[in-house]
Amino acid sequence: MTTSTGMTDKHGAHEAQHGPLSYRLLLGIWLGLMALTATTITATRIDLGFLNVVAAMGIASAKAGLVIFFFMHLKYENRLIKGMALTAFVILAIAIGLTFVDVGYRY
Amino acid sequence: MDQTDQTDQTDQTGHPDQTPSTAASGASQPFFGPQNPGATGGKGSGLASWIFSTDHKRIGLLYLGLIGLMFTVALVLGLILRLKLMTPGSTLLTPQQYNAMFTLHGVIMVFMVVIPSIPASFGNIFLPLQIGANDVSFPRLNNFSWWLYVLGMTLAITSIFTGAGAPDTGWTFYVPFSERTTTNVSLAVIAVFILGFSSILTGLNFITTVHRLRTPGMTWKKLPLFVWSLYATGWIQVLATPILGITALLIFAERVLHLGLFDPGLGGDPLLYQHLFWIYSHPAVYIMILPAMGVISEIIPVFARKPIFGYNMIAFSSLAIAFAGSLVWAHHMFTSGMSDTAVLVFSFLTFVVAIPSAIKVFNWLSTLYKGSISLDPPLLFSLGFIFMFSIGGLTGLVLGAAGTDIHVHDTYFVVAHFHYVIFGGTGLGMFAAMHYWFPKVFGRMYDHGRAAWAFWLILLGMNVLYFPMFIMGLQGMPRRYYDYLPQYAPLQMLSTWGSWLLAVGLGLMFWNLYRGCRFGPRATQNPWGGATLEWTLPTPLPHEAFHHDPEAPEPYDYKGINPDG
Amino acid sequence: MIRKRPSPMITRGSILMDNSGQMDNSGQMDALGPMTKTGPTAEHNATQAHAPHPKDYHAAKMGMWLFLFTEILLFGGLFLLYASYRMRFPQAFHAGGQTLDVFIGGLNTVVLITSSLTVAMSITALRRGEIIRCLWLLSFTVACAGAFMINKTIEWAAKFHHGLIPGSEHMAALPHGQSVFYGLYFAMTGLHGIHVVIGASLLVWVMLLIKRGKVTAADFVLLENAGLYWHIVDIVWIFLFPLFYLIS
C-alpha cells in the first residue's frame, strides 16, 4: 500500500512521520466514496421503512470513515491522535444520546 | 495514558544537562520590570513589547491584569445589587437596571473572570515552567487568544452602552425571552462566542504543550498535579466550548434571521436551547473549579512538608471529573418540563460526579494529617477553599437530588451554592495561587500578617454574605427578584453587611499585594520550599527559563528541600 | 515504537529570543509553527536553519486535530437539534426533504469528495517535490469550492423564490415542523457554506506560501493542516446530504 518510512529509528528525526500516500491509494478511496454515494442515492428509491434511515446513516458513516482514515490519514497516526479523535466522537455521542433521554420520552 | 508519548520522553533521561544556570546574557533578565539597557536579548518594556508578546509569562500577566480589572467591575456590580437588596421596596435601581445589572454581573464574572481566571493567568505562566519548557507549544496562538479575549471583552462592554439598553436576560440567555427582548443581546452573545473561542485556543495550546514539551524523564506520573488539572481542563475547553459557540450563534441567528428554531410558535422547543446551553455550561463549572483544585494540590503538600497523599487518585479524578462533568448537564432543568426519565437519569449521574470531587478533598486532608504544617497565607487560602468548597459541594447534592431540587430550584439556595463553589472555591483558589506564586512572579514578598487578616475578613465576609442565602432559599426566596416580602428583610440585611466585610477583605488583600509588589522585601528563590521545577528558577523569573532541559524532579518529594530566607 | 530525539541544544537558545511576536496573518495559524523540544538534526537543520521557530511537526498536527474536534462539536450542536426535531416532526421532515433537489445535492457531494481527493493528492505531490502538480491540484480544489458555492446559491435562491425566507410570513404559515426543517436547513448548510469559504481561503493562502517557498517538501505541515480542515468540511457535508436530501 504505502511505504512506512519514518517508523524506524533511522528516521527518528521525523518522529515516525509517515511517508506520503500513493496517488493510486487515494484514487481507490475516491472510487469507493463515489460508489457509496451512488449506493446511498439508489437506496432511497427502495422503500425499506425505518431501515432507510439506518442505511443512509450507515453509508454516511462509512464514507466519513474512509475520509478520516485515509484522506486525513488517521490510520497512520499514532494511538494518541486516534484516542483523541475517539474521545471527541464519544463526547458528541453522549451529548446527543443523553438529550434523547429527554426528548425520546417527551415528543 | 499514551505509551508512545511516554517512551519518547523516557528514552533520553540520560541527558547531560543538570540545573538551569543563569548565564550572564540578556536572556537572564527578569521578564518584566526595568530592563538593563546594556544587556542584549531582553524583551524591552514598551507597551508593544507586552501586548504583542509571545512570551507565556507576559501573556499570563496580561490576562491577570484584565481579569483583575473585570473582577473589580463585576464585584462593584455585585455590591450595588446587594446594596439594592438590603431593604425591601423600590430603592436605588429601577427594575430594568436591576435586571441588566445581575445579567452583567453574571456574564462578566462567568465568561471574563472565572473561566479564564487560573488557566489563562497562572496556567500560562507556570504550566510550561512546571514541565521544564520555555514556552507553550504555540506562542503566537497564545497571544492571539489574549487578543480574542480583549475583543470579546470590548464587545461585551460595548453591548452595555449601545443599542436599546444592556442585556437583561441573565447570564444564561434563556429563550424565548432572549430572542424577543429589545435589549442588546445580539452583541453580547457574539462577545460570548469570541470569548469561548479564546478559551478553546488556550485549552488546545495547553493540551499540546503537555504532550509535546515535557522535559525528558517527566513521565505522566511525575507531572505536577496543577499540570494534570490544566490538562483535564483543556479537554473540557476543547470539547465543550464549541457547543457554547453554536448556542450563542443560534441566539444571534434567531434574533437577526428569525429561523424559529427555538420559537414555540413555529414548532421550536425552548427546552432544546436549555439542553445546548447546559451541555456547555455544566462542564464549564469544571473548567472553573478544576484548575483551582490543581492549585490546592500544589500548595497543600508544600506547606505540610509531606508528599501528596494519593497522587494517582488526584490525577485520575481530574480526568474523571472532566469526563463525568459531561454527563450531568440536565440537572439544571429538573423543573423545566423535561421528561421524568431524564430527571431520574440525570439525578443519578449527578451523584456520580460527586465522587471524584470527594476523592480530592479526602486526599488533601490526608496529606495534611501528621504533616509539619506552616500556616502561611497560601495554605490559609487553600484551607478556606476546602471549607467553602465542601459546603458548596454538599449543598450541590441537595440540588442534584431531583426531589429536593423542586423545592429549592431557582431560589437563593442555588445562588448560595454557586457562590460557595465558584467564589469560595475558584475565587479562593485563585487568591491562593496569587499568594503562592507571587514571590516567583514579582520577585518580592508581601506582608504575611496583613495577608492573613485579609484572608479571615474574606472568609468571614463570604459566609455572612452567602450563608443567609441558603436559609432564605429554603424559605422560598426566589433568585433574581427585584423585591421581596418583609419576612426576608433581616437576612437580606445581614447578607448585605457580609458583602461589605468581603469588600474590605478584598481591598486589604489587593492593597497588600500591591504594596508587596512595589515595596516588599526581595523574595528568595524558593521561599516556600516547593519541589516543582519553577522553584529551581531564579527570582524573579528570567526571560528564558531553561537553557537546557532540566531533569524531571519528584514533584512532591521534599527531602533536602527547605524554604530559604 | 521508539522515537529518538536528537539533542535539543541547538534550539534552546533561540526560542525566546525571537522577538517578532507580531500579529500577522499567521498568528491565527500558529498551529503551523509551534515550539519544539525536538532540535533539528544536521539533516533537518540544513533546510530549517533560518526558521524563527524550529517546527514540531507532531505538535502542529495535534493542535490542528484538536481544533477539528471543536469544529465537529460545533456542528454537533446542530446535529443534536436536527435529531431531536426529526424525532418530533417525522412527517414534516419527510415533506421538507422532498422539496430539496437530490440532483444538486448529489452533484455537490461529488464535487466536495473530488475536491477532498485533490487536496489529499496535493500533499503527496508536495512531499514528492512536484510543486507544479501540487499547485494545479490545489487550484482544482479551490475551483471545486467555487462550484459548490455556486450550486448552493442557486439552491438557496430557488428556496427564496418560493417564499421560503427565514422570518417571512410564508415560513410562519407552514405547518409547525416544516418551518423548523427549513430553519435547520438554512442554519446547517449556511454554517457549512461559511466553512467552505474559510477552507478555500486557507488553501489559497497555503498556495501562495508554496509559491514563495515557505511551504516545502520538507516542511509541509501547513498544507497538511489546511487539508485536514478541508476534509472536515467534506465530512460535514457527507452527513448533511443524506439528512436533508435523502431521508424522506
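Helices here are DSSP runs of H or I with at least four residues, numbered from the N terminus. With that in hand, B:Arg480 can be placed: the residue is found in the loop between α16 (448-475) and α17 of chain B. The model is predicted.

**Unusual backbone spots in chain B**

B:Arg480 is not a glycine, yet has a positive phi of about 65 degrees. Is B:Arg480 buried or exposed? The answer lies in between. A residue is buried with 20 or more other C-beta atoms within 10 Å, and exposed with 12 or fewer. B:Arg480 has 13 C-beta neighbours inside 10 Å, so it counts as partly exposed.

B:Leu92 also shows a positive phi, of about 65 degrees, and is not a glycine. Its place is the loop between α3 (56-85) and α4 (95-114) of chain B. With 14 C-beta neighbours inside 10 Å, B:Leu92 counts as partly exposed. A further positive phi, of about 55 degrees, belongs to B:His258, just after α9(B).

Chain B has cis peptide bonds too. One joins B:Val175 and B:Pro176, with omega about -5 degrees. B:Pro176 sits in the loop between α6 (139-161) and α7 (177-180) of chain B. Another runs from B:Thr539 to B:Pro540, with omega near -10 degrees. B:Pro540 falls in the segment after α17 (489-519) of chain B.

**Two helices of chain B**

The table sets out the spans of α8 and α9.

| Helix | Residues | Expected span | Distance between end C-alpha atoms |
|---|---|---|---|
| α8(B), 185-212 | 28 residues | 40 Å | 41 Å |
| α9(B), 225-257 | 33 residues | 48 Å | 47 Å |

Why do the end C-alpha atoms of α9 of chain B agree with the expected span? At 1.5 Å a residue, its 33 residues should span 48 Å, and the ends are 47 Å apart. Still, α9(B) bends by about 35 degrees at B:Ala240. A proline, B:Pro242, follows within four residues.

Both helices are well covered. In α8(B), 25 of the 28 residues are buried, so the helix is largely enclosed by the rest of the structure. In α9(B), 28 of the 33 residues are buried.

**Chain B and chain A as wholes**

Chain B has 17 helices and zero strands. Its C-alpha atoms fill a box of roughly 70 × 50 × 45 Å along the principal axes. A compact globule of 565 residues would have a radius of gyration near 24 Å; chain B has 23 Å, which agrees. Buried residues make up 59% of chain B. Among its contacts between residues at least 6 apart in sequence, 84% join residues at least 24 apart.

Chain A has three helices and zero strands. Along the sequence they follow the pattern α-α-α. Of its 107 residues, 30% are buried. Among contacts in chain A with a separation of 6 or more, 33% come from residues 24 or more positions apart.

**Core and contact**

The largest nonpolar core has 284 residues. Which residues have the most contacts inside it? They are B:Ala432 and C:Leu184. Helix α10 (residues 270-304) of chain B gives this core its largest share, 24 residues. Leaving out residues up to four places away in sequence, C:Leu184 touches B:Leu261, C:Leu81, C:Tyr82 and C:Tyr85.

Chain C also meets chain A. The contact takes 46 residues from chain C and 39 residues from chain A. On the chain C side, α3(C) gives the most, with 14 residues. By class, that side has 27 nonpolar, twelve polar and seven charged residues.

How values were computed
Residues numbered from 1 in each chain as written. Chains lettered and ligands numbered in written order. Predicted model: local features only at pLDDT ≥ 70, side-chain atom pairs only at ≥ 80, totals over all residues. Contact = placed C-beta atoms within 7 Å. Helix = DSSP H or I, 4+ residues; strand = E, 2+ residues; numbered from the N terminus. Nonpolar A, V, L, I, M, F, W, Y, C, P; charged D, E, K, R; others polar. Expected span 1.5 Å × (residues − 1). Bend = angle between axes of the 7 residues up to and from the residue. Core = buried A, V, L, I, M, F, W, Y, C linked by C-beta atoms within 7 Å. Rg over C-alpha atoms; globule rule 2.2 N^0.38 Å.
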